[in-house]
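Trainee: I've never read a protein structure on my own before. Could you walk me through one, feature by feature?

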Amino acid sequence: MKHEPKTAPSGAETHGFLGEEFLTWIWFRWETEGGEFHLPGGRVVGVALDDFLTFSAPSDDDTEQTLRHGLPTRTEEARTALRQGRRLRRARMIVAEGPRQWSVTVDGASLRLSGAKMPEDAEECESENDRTADRTANWLALHELVQSLYGMFLRERLADGYLKSAGEKQAHWMQQ
Amino acid sequence: MPSIRRSGGAVAFFWQGKMLDPRDEAFAAALQQRRFRTIQDAASEEVSTGWVTAVDPTGDSFAIEDLDAGLATWLRMRIDKKQLPRKWLQIHRDVAEKAKGKKLSAKERRELKDDLMDKLLPRVLPTINMVDALLYHDRRTLILLNTSKSVGESFHQLFFQTFQMPLEKSDPLQLGFQAGLDPETMHKLQRAEPIRWPKSEPSDEPRRRTTLAEQEQHA
């Protein structure tokens, strides 16, 4: 008898690796090109990894590795994990666009955001309604920035010849 | 009106098709249909889930201006849960077992629990959980300001019951579909496989590294 799953698998279950590759790509681009991303629509955004990284387990038998505080991207443990071909499972990052700055932890497998901190309320906010409108715009902006960065990553990652060009450069960086 | 929070966790959802315009009375009326109903006086263990607004936590009113949050519509789901406190149950069981001088049988334990439910539940106040969501109607995007799986499922269910519109949760596949990719790239996205990044072994001998393309070819 054939057993059918009760529900179709979600993208988090089937394509979670892409979110993890996305976080690792952000790190690669930040270290090798300075973390400035030119997004469609003329938006320029700065991204940097912050003080929290988790590397995914290569298999069910292995353990996740988490590095916190200080500058975890500069540690020998982080470099070793990259040399072993590990992807980032979660990362705390700082995202800046113009005067606005967000801090957020992104879970690669689900692209869920946690511990997000919006920019300070705009000085022009005089009422609770103003503050709500400002924060509402900031929540949307954070979502759109992550989506645009992810779209940028996908265009590069899914392009013909990726493995021989940008992918090979990243592989080289990971082995350093 | 209080202000929406500026920190915490968030999950994005998307929908397809046409849904009610939040500026129309019909939108508020749909929320009213699925308004929150109190279980404060309930005499049994219950969960109540429904809509309220940031201005009125009871669910009695849904003024359009109370939903307005600038670019978004501010939805608030209230989940009340009434449950017999397990510690009270344990205390009463311990007392009964001490008086009897031995463990209660399964039947006695069940009777004790039923008796306590009848006596205590009308006096127990439910726990309250307010969950906020921002609905960006023109972008067909909703940001739920909560990352709990069970809360997400409750929200999804309430939203569907209210607007007859299923929400699609953002994940690496869904977010890719929303990222404005061309059809060919979308097709590649669906069939994408993980990259096996090279693994270096500790070795004193420097040697030529296999390129990523060679590695994928051999796999």
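Mentor: Sure! Keep in mind that this is a predicted model. Let's start with one residue: Asp24(B) sits in the loop that links β1 (7-14) to α1 (25-33) in chain B.

Trainee: Is Asp24(B) buried, partly exposed or exposed?

Mentor: You judge that by relative accessible area: under 20% is buried, over 50% is exposed, and partly exposed is in between. Asp24(B) has 41% relative accessibility, so it goes down as partly exposed.

Trainee: Which residues join Asp24(B) in a patch of negative charge?

Mentor: Its partners are Glu25(B), Glu65(B) and Asp68(B), and the four gather on the surface.

Trainee: And what does a buried residue look like?

Mentor: Try Gln174(B), which belongs to helix α6 (residues 172-177) of chain B. Its relative accessible area is 17%, so Gln174(B) counts as buried. Leaving aside residues up to four places away in sequence, Gln174(B) touches Phe14(B), Glu168(B) and Lys169(B).

Trainee: Let's switch to chain A. How many helices and strands does chain A have?

Mentor: Chain A comes to five helices and six strands. Going along the sequence, you get α-α-β-β-β-α-β-β-β-α-α.

Trainee: How do I get a feel for the whole chain?

Mentor: Look at a few overall values. The C-alpha trace of chain A spans about 60 × 50 × 35 Å along its principal axes. Of the 176 residues in chain A, 51% are buried. Chain A exposes about 8,500 Å², with carbon and sulfur atoms supplying 47% of that. For charge, chain A carries 22 positive and 29 negative side chains, and the centres of these two sets are 5 Å apart.

Trainee: What about contacts between residues that are far apart in sequence?

Mentor: Take the contacts in chain A between residues at least 6 apart in sequence: 57% of them join residues at least 24 apart.

Trainee: Now a single helix, please. How should I think about one?

Mentor: An α-helix has 3.6 residues a turn, so residues three or four places apart point the same way. Now find helix α5 (residues 166-175) of chain A, where eight of the ten residues are buried. Among those buried are Ala166(A), Gly167(A), Trp173(A) and Met174(A).

Trainee: What covers the buried residues of α5(A)?

Mentor: The cover includes α2 (16-33), α3 (76-83) and α4 (128-157) of chain A, along with α8 (212-218) of chain B. Rotate the model and try to spot each of them!

Definitions and conventions: Residues are numbered from 1 along each chain as its sequence is written. Chains are lettered from A and ligands numbered from 1 in the order in which they are written. This is a predicted model: local features need pLDDT of at least 70, side-chain atom pairs count only at pLDDT 80 or more; totals for chains, interfaces and linings use all residues. Side-chain values use heavy atoms; hydrogens and water are left out. Patches are made of residues with over 30% relative accessible area and no salt bridge: like charges are joined within 9 Å, nonpolar side chains (Val, Leu, Ile, Met, Phe, Trp, Tyr) within 5 Å. Accessible areas come from the Shrake-Rupley method with a 1.4 Å probe; for residues, only the protein chains shown count as cover. A salt bridge is a side-chain nitrogen of Lys or Arg within 4 Å of a carboxyl oxygen of Asp or Glu. Lys and Arg count as positive and Asp and Glu as negative; His and the chain ends are not counted. The place of a charge is taken as NZ of Lys, CZ of Arg, CG of Asp or CD of Glu. Helices (H or I, at least four residues) and strands (E, at least two) are DSSP runs, numbered from the N terminus. Buried means under 20% relative accessible area, exposed over 50%, partly exposed in between (1.4 Å probe, protein chains only). Contact means heavy atoms within 4.5 Å.
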